[in-house]
Amino acid sequence: MLDKSPQRLAAVDSAQAGRGVGRGVTYVYEAPVRLWHWVNAAAILVLGITGYLIGTGTPAMPGEASGNLLFGYIRFAHFSAGYVLSVGFLLRIYWSLMGNSHAMQIFCVPLWRRCFWREVYHEIRWYAFVAGEPERHVGHNRLAQLAIFFMFTQTMTFMVVTGFALYGQGAGDDSWQYELFGWAFAIWPNSQDVHTWHHLGLWVIVTFAVVHIYVVIREDIMSRRSISSIISGERELRD
């Protein structure tokens, strides 16, 4: 049984950060988290573009339908990226249990703590240019945790379930996709409703991605935090 107590996690993080102590940096994002971040970002980009084209349609192609497979290629890219994203998400869940304390942040949000909401309020004021100084967090700040948990983690889970349910409907009732995720049609018997909700989920992810990129750049300018932390894994809180 792994000891995941705060004391042990803090000790492990300190030991891992040892290489950066002399330079005043902390090792936050481990290699598996960084790899997942960029692979996941690429998968989301492919899924977003192909999903939009699937939902809105593609331009008419000249010649016989049998002469081109544009829509088939789009669907293939969408399904392939969906598998990459789903497998990566499962591995990310596994690493949240095996990695350092920061690896768990996007899955475990202490909503029951009063201090958590106090820090969320402070971060909202900071982003609204009202508060003078942001809270100092080595990993994600509390508002970022809240946004990632609801806009990304939960939405990603929803997209995986509805995506495989729709795929399973096309693959047949005897496919493993339908057997595992076909229960979604018990909630929305009309498959078009599942399509609609899946498409809306795309825009939640797109909105999150746009805000995420803006906030990362803003934090580097305002808080002077190094945005290279998701590449090197080390974060420096500069004065």
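This is a short dialogue on reading one predicted protein model.

Biologist: What are the ground rules for this model?

Modeller: It is a predicted model: local features need pLDDT of at least 70, side-chain atom pairs count only at pLDDT 80 or more, and totals for chains, interfaces and linings use all residues. Residues are numbered from 1 along each chain as its sequence is written, and side-chain values use heavy atoms, with hydrogens and water left out.

Biologist: How many helices and strands are there in the protein chain?

Modeller: Helices (H or I, at least four residues) and strands (E, at least two) are DSSP runs, numbered from the N terminus. The protein chain has nine helices and two strands. From the N terminus on, the order is α-β-α-α-α-α-α-α-α-α-β.

Biologist: How much of the protein chain is buried?

Modeller: Buried means under 20% relative accessible area, exposed means over 50%, and partly exposed lies in between (1.4 Å probe, protein chains only). Of the 239 residues in the protein chain, 37% are buried. Areas come from the Shrake-Rupley method with a 1.4 Å probe; for residues, only the protein chains shown count as cover. The accessible surface of the protein chain is about 14100 Å². Carbon and sulfur atoms hold 67% of that surface.

Biologist: What do the contacts in the protein chain say about sequence distance?

Modeller: Contact means heavy atoms within 4.5 Å. Take contacts between residues at least 6 apart in sequence. Of these, 66% join residues at least 24 apart.

Biologist: Why does the length of α4 agree with a helix?

Modeller: The expected span is 1.5 Å times one less than the number of residues. Helix α4 covers residues 114–127, which is 14 residues, so 20 Å is expected. Its end C-alpha atoms are 20 Å apart, which agrees.

Biologist: Which residues of α4 are buried?

Modeller: The general idea comes from the turn. An α-helix has 3.6 residues a turn, so residues three or four places apart point the same way. In α4, the buried residues are Phe116, Glu119, Val120, His122, Glu123, Trp126 and Tyr127. They cover an arc of only 165° around the axis, so they sit on the same side of α4. The arc is that of the directions from the helix axis to the C-beta atoms. On the other side of α4, Arg114, Arg118 and Tyr121 are exposed.

Biologist: What do the buried residues of α4 pack against?

Modeller: They pack against α5 (142–171) and α8 (191–222). Just after α4, Phe129 takes a positive phi of about 60°.

Biologist: How does α2 read by the length test?

Modeller: α2 has 26 residues. From first C-alpha to last, α2 reaches 37 Å, close to the 38 Å expected. Buried residues in α2 include Trp36, Leu47 and Thr50. The buried residues of α2 pack against β1 (25–27), α3 (70–98), α5, α8 and α9 (229–232). Just after α2, Gly57 takes a positive phi of about 95°.

Biologist: Thr50 and Leu53 are in α2. Which residues does each touch?

Modeller: Leave out residues up to four places away in sequence. Thr50 then touches Ile74, Ala77 and His78. Thr50 counts as buried because its relative accessibility is 9%. Leu53 touches Thr58, Phe71 and Ile74. Leu53 is partly exposed, at 27%. Leu53 and Arg75 are 22 residues apart in sequence, and their C-alpha atoms are 9.3 Å apart in space.

Biologist: What does α3 look like by the same approach?

Modeller: α3 has 29 residues and reaches 42 Å, close to the 42 Å expected. Its buried residues include Ile74, His78 and Arg92. The buried residues of α3 pack against α2, α5 and α8.

Biologist: How many aromatic pairs are there?

Modeller: Rings of Phe, Tyr and Trp (its six-membered ring) pair if their centres lie within 6.5 Å; planes under 30 degrees apart are stacked, over 60 edge-to-face, the rest tilted. The whole structure has 14 aromatic pairs. One of them, Tyr178 with Phe185, is stacked, at 6.0 Å centre to centre and 20° between the planes. Tyr178 is partly exposed at 24%, whereas Phe185 is buried at 10%. Phe79, Tyr83, Phe164, Tyr167, Trp176 and Phe181 form one aromatic cluster.

Biologist: Which arginines sit over a ring?

Modeller: A charge sits over a ring if NZ of Lys or CZ of Arg is within 6 Å of the ring centre and within 35 degrees of the ring normal. The charged end of Arg92 is over Trp36, 5.2 Å from the ring centre. Arg218 lies over the face of Trp126, at 4.9 Å.
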